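Colleague: I would like a close look at a single part of this model. Please take me through the surroundings of the ligand, step by step.

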Amino acid sequence: MTGDADVDGFAPLRIKRVVRETADAVSLVLDVPERSSRRFRYQAGQFLTLRVNVGGQDVRRCYSMSSAPVEGELRITVKRDPGGLVSNWINDTAAEGDQIHAAPPEGRFVLRGDLSGATEVVAFAGGSGITPIMSLARAAVDDPDRRVRLFYANRARDSVIFADPLDRLVAEHGDRVLLHKHFDEDDGVVASAAIEAFIAPAGDAHYYVCGPGPFMDTVERTLLAAGVKESRVHLERFTVAAAAPSAIDQSGVAEEVVIELDRQSTTASYRKGDTLLQTVRSAGLRAPASCETGSCGTCMARVVEGSAHMLNNDALDDDEVEEGWVLTCQSLPTSRKVRINYE
Ligand SMILES: Cc1cc2nc3c(=O)[nH]c(=O)nc-3n(C[C@H](O)[C@H](O)[C@H](O)COP(=O)(O)OP(=O)(O)OC[C@H]3O[C@@H](n4cnc5c(N)ncnc54)[C@H](O)[C@@H]3O)c2cc1C
Ligand code: FES
């Protein structure tokens, strides 16, 4: 964890404090150098992309802020993924004073609705999915007119991240914060009935969901079935169900992609199976990108000629997709000729 300069938009942040949350989760409070402070302003619910070198390999991973700007610090919380490279490395080796490289905050999992207060925040967190939800909840209670309902599911009591801070949040704002803890060890995995009961008394609300895939699917399905509008349901997925590039029909695909970037037009040869971002890089161009999982939107460009298929999209809304925007890190060309414009 060394190096001082900003490279490719990644800035070196110093680990100011390491907080052991549970046996499997650690929080890092990060110090942003003065020269990068503007770029690292964030909204509650956003994430950082870290670039770390583990065993000689440069890898990137996204981690949501568990702090809110109102707390005056930048904190991420990392839970071990069994067999995972970066999460275990951070849990095992991160130490106060170390440097870690991060790209500035990104993400659209932020508070929506009437920001002057009236809209209720109804949040569902499963396991480490509490990270951005904690950030949203802290930001929301800062507004005295806002109410928060939080459904927090964990397998067991000893795996609960932020047990004490959440209890404090309730103690301090009990009239506006309702916390429901669900433990699989007592009640089995979360089922639709529990979600329905929880949302029944909710008023004019936006709904935020983050946790393991099956948990998120159950919550999303239940909310939509209960009549909640899709535009009111906000999802943050930590893992993406990988669509195999081979499942996409690229039989008639072009051999070239034309890239309009920084007012220059470049023609790159296309190698079947590559994403648009990989194609841009193979042409020696430096295009914007951050998470490379389809979550942040940094790599978006517009397809102005031809077509492309996105393997995953957790960043663009329907209108943007209709206007031709794609996430280049997730897009495979599907037409003979493709021209993209970063605008
Ligand atoms: C927007 C966003 C925000 C996020 N926020 C957070 C957060 O706040 N906190 C948090 O803890 N995480 C968060 N994540 C998840 C995080 O980015 C990482 O994905 C997570 O830490 C796992 O990374 P890893 O390097 O430890 O695991 P990886 O090495 O990427 O492995 C992931 C899993 O795949 C398995 N695996 C790896 N290679 C293979 C293989 N060859 N064959 C079969 N299985 C394999 C591993 O065993 C492991 O279970 C977020 C993700 C996104 C996209
Ligand atoms: S780099 Fe984040 S969506 Fe493509």
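Which strand gives the most to the shell around ligand 1?

Modeller: Strand 4 does, with four residues. Keep in mind that this is a predicted model. Strand 4 covers residues 57–64. Two further elements, strand 5 (74–79) and helix 1 (85–93), also supply at least two residues each.

Now look at the shell itself. There are 21 residues around ligand 1. Five of them come nearest: R61, C62, Y63, V86 and S87. Find R61, C62 and Y63 on strand 4, which spans 57–64. Then find V86 and S87 on helix 1, which spans 85–93. By type, the shell is a mixture. Eight of its residues are nonpolar, eight are polar and five are charged.

Next, zoom in on the oxygen atoms of the ligand. One oxygen atom of ligand 1 is 2.6 Å from a polar backbone atom of C62. So C62 makes a polar contact with the ligand, because the cut-off for such a pair of N or O atoms is 3.5 Å. K79 also offers a polar backbone atom, and here the distance to an oxygen atom of ligand 1 is 2.8 Å. K79 falls within strand 5 (74–79). With D81, look at the side chain instead. An N or O atom there is 2.9 Å from an oxygen atom of ligand 1. How much of the ligand is covered? Taken alone, ligand 1 exposes 980 Å², and the protein buries 66% of that. The site itself is a pocket: ligand 1 sits in the largest one.

Leave the ligand now, and check a few residues elsewhere. Start with F162. This residue is not a glycine, yet its phi is positive, at about 65 degrees. F162 lies in the loop between strand 8 (148–154) and helix 3 (163–173). Its relative accessibility is 4%, so F162 counts as buried.

Set E343 beside it. E343 also has a positive phi, near 50 degrees, and is a residue other than glycine. Look for E343 in the segment after strand 18 (338–341). E343 counts as exposed because its relative accessibility is 61%.

Finish with P12, in strand 1 (residues 11–22). P12 counts as buried, because its relative accessibility is 4%. Follow the chain from P12 to A103, and you pass along a separation of 91 residues. In space, the C-alpha atoms of P12 and A103 are separated by 9.1 Å.

Definitions and conventions:
Residues numbered from 1 in each chain as written. Chains lettered and ligands numbered in written order. Predicted model: local features only at pLDDT ≥ 70, side-chain atom pairs only at ≥ 80, totals over all residues. Heavy atoms only, no water. Near = heavy atom within 4 Å. Polar contact = N/O pair within 3.5 Å; in protein donor to acceptor, adjacent residues only side chain to side chain. Areas by Shrake-Rupley, 256 points an atom, 1.4 Å probe, with all protein chains shown as cover. 1 Å grid on protein atoms, 1.4 Å probe; cavity = no way out; pocket = protein on both sides within 12 Å on 5 of 7 lines; lining within 4 Å. Sits in = over half its atoms within 2 Å of the grid points. Nonpolar A, V, L, I, M, F, W, Y, C, P; charged D, E, K, R; others polar. Buried < 20%, exposed > 50% of the residue type's maximum accessible area, 1.4 Å probe, protein only.
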